[in-house]
Amino acid sequence: MKKTPEQLYLDLMKTTLSFTLWPEPPIPITTFNYERSTVKRFLVSAISKILDKRKLQIVKKRDFSEDQRITGIIWPGYADTMIGLKRLDNLQYCIETVLGERVEGDLIETGVWRGGACIFMGAVLAAYGIEDRKIFVADSFEGLPKPDAEKYPSDKGDIHHTHTYLAVSKKDVENNFRKYGLLNNQVVFLKGWFKDTLSQAPIEKLSILRLDGDMYGSTMESLNSLYPKLSSGGFCIIDDYALPGCKSAVNDFRSKHAIDSEMKEIDWTGKYWKKE
Ligand SMILES: C[S@@+](CC[C@H](N)C(=O)[O-])C[C@H]1O[C@@H](n2cnc3c(N)ncnc32)[C@H](O)[C@@H]1O
């Protein structure tokens, strides 16, 4: 069947945001420097600084298969989202369904990194001329918090906070929205730790609640503050069900609140359900 201009635009947005249009260029060896031992880290940064003055750079080649990109199983160097094409397709399906079924409410992602999934939410609303729904973009813009093992024992020993790769500034995310022509007054940034921002956020009703905060605490704080605001017929989307902490938080929340809406699979880690 012939695709409409809206579908063609959204297809192009998905392949652009996920960088699947292009082969993955090599990344500077400093990108994952925080994973090296202190001595190696020092040497790598010292050499890189010297080379940088001569406009030279040491890079590492990375070859990703098409399947790895579709299922978002990799941490990409250049994509604006790491969620892969299948989870972008799911996001489009959920938004189109709530629009078609006139389910009331705004859209939110908690845990946005470079902002690509939220930018895609903006693209879907723009494609269908929707101007009366907001997109809440919630993140510390400093990476993940240190685990609070006393409150959330499942997070004990979690090292996500050491990954500086996951810390993207608000300014960079705003610039990413601007690049695609989608930074407008429908986009609302909620900067800070979820425990401080989400319960205070100026949100009345949600139709899409997308969680991508990786840890037990981040997932539970998002669900506690926001799930009660999700309209019936709206979608709760879980990006990190393959991570044990996130999985436990989702299971604990669902059993505590007796949620038995069928949880469907998106891919190896993505799950979602429609609130009844
Ligand atoms: C895996 S990344 C999100 C990927 C993103 N959804 C995408 O489209 O590529 C996780 C993000 O969650 C944020 N995050 C996790 N826990 C948080 C918390 N408790 N408060 C604020 N931000 C948090 C991190 O800063 C990071 O940007």
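These are my notebook entries on a predicted model of a protein with a ligand.

**Entry 1: the two domains**

I began with the overall division. The protein splits into domain 1, residues 5–70, and domain 2, residues 84–274. I looked up the distance between their C-alpha centres and found 24 Å. Next I turned to the contact. Domain 1 gives 13 residues to it, and domain 2 gives 16 residues. Which helices of domain 1 each supply at least two residues to the side that touches domain 2? I found α1 (5–17) and α3 (66–70) there. Of the elements on that side, α1 gives the most, with six residues. I also sorted this side of domain 1 by class. It has seven nonpolar, three polar and three charged residues.

**Entry 2: around the ligand**

I then went to the ligand. How many residues are around it? I have 22 on my list. The ones that come nearest are Thr-81, Gly-111, Trp-113, Ala-117 and Ser-218. By class, the shell divides into eleven nonpolar, seven polar and four charged residues. Two of these names led me on to helices. Ala-117 is a buried residue of α5, and Ser-218 is a buried residue of α8.

**Entry 3: helix α5**

I checked the length of α5 (116–127). It has twelve residues, and at 1.5 Å a residue they should span 16 Å. The end C-alpha atoms are 16 Å apart, which agrees. Is α5 mostly covered or mostly open? I found it mostly covered, with ten of its twelve residues buried. Among them are Gly-116, Cys-118, Ile-119, Phe-120 and Met-121. Further along, Gly-122, Ala-123, Val-124 and Leu-125 are buried as well. Just after the helix I noted Gly-129, which takes a positive phi of about 65°.

**Entry 4: helix α6**

Helix α6 covers residues 170–179. Which of its residues are buried? I wrote down Val-173, Asn-176 and Phe-177. Why do they line one face of the helix? Seen down the axis of α6, the buried residues fall within an arc of 100°, so they share one face. A general rule helped me here. An α-helix has 3.6 residues a turn, so residues three or four places apart point the same way. I then looked at the face turned away from the buried side of α6. It carries the exposed residues Lys-171 and Arg-178. What covers the buried residues of α6? The cover includes α5, β4 (135–139) and β5 (187–191). Just after α6, I found Gly-181 with a positive phi of about 70°.

**Entry 5: helix α8**

My next helix was α8, residues 216–226. Nine of its eleven residues are buried, so the rest of the structure largely encloses it. Tyr-216, Gly-217, Thr-219, Met-220 and Glu-221 are among the buried ones. So are Ser-222, Leu-223 and Leu-226. What do they pack against? I listed three strands: β3 (106–110), β6 (206–211) and β7 (230–238). I also listed two helices, α7 (194–197) and α9 (244–256).

**Entry 6: positive phi outside glycine**

I looked at two residues that have a positive phi but are not glycine. One is Phe-19, at about 60°. The other is Lys-55, near 60°. Phe-19 lies in the loop between α1 and β1 (27–28). Lys-55 is placed in the loop between α2 (38–53) and β2 (59–60). Are they buried or exposed? Phe-19 has 20 C-beta neighbours inside 10 Å, so I count it as buried. Lys-55 has 6 such neighbours inside 10 Å, so I count it as exposed.

**Entry 7: the loop between β4 and α6**

Last, I picked two residues from this loop. Ile-159 is in it, and Thr-162 is in it too. Ile-159 has 10 C-beta neighbours inside 10 Å and therefore counts as exposed. Thr-162 has 13 and therefore counts as partly exposed. I then looked up a distance for each. How far is Ile-159 from Lys-53? Their C-alpha atoms are separated by 33 Å, and they are 106 residues apart along the chain. For Thr-162 I took Lys-146, 16 residues apart in sequence. C-alpha to C-alpha, Thr-162 and Lys-146 are 8.4 Å apart in space.

Key:
Residues are numbered from 1 along each chain as its sequence is written. This is a predicted model: local features need pLDDT of at least 70, side-chain atom pairs count only at pLDDT 80 or more; totals for chains, interfaces and linings use all residues. A residue is near a molecule or strand if its C-beta atom, placed from the backbone, lies within 6 Å of it. Ala, Val, Leu, Ile, Met, Phe, Trp, Tyr, Cys and Pro count as nonpolar, Asp, Glu, Lys and Arg as charged, and the others, Gly among them, as polar. Helices (H or I, at least four residues) and strands (E, at least two) are DSSP runs, numbered from the N terminus. The arc is that of the directions from the helix axis to the C-beta atoms. Two residues are in contact if their C-beta atoms, placed from the backbone, lie within 7 Å. The expected span of a helix is 1.5 Å times one less than its number of residues. Domain bounds come from an automatic or database domain assignment.
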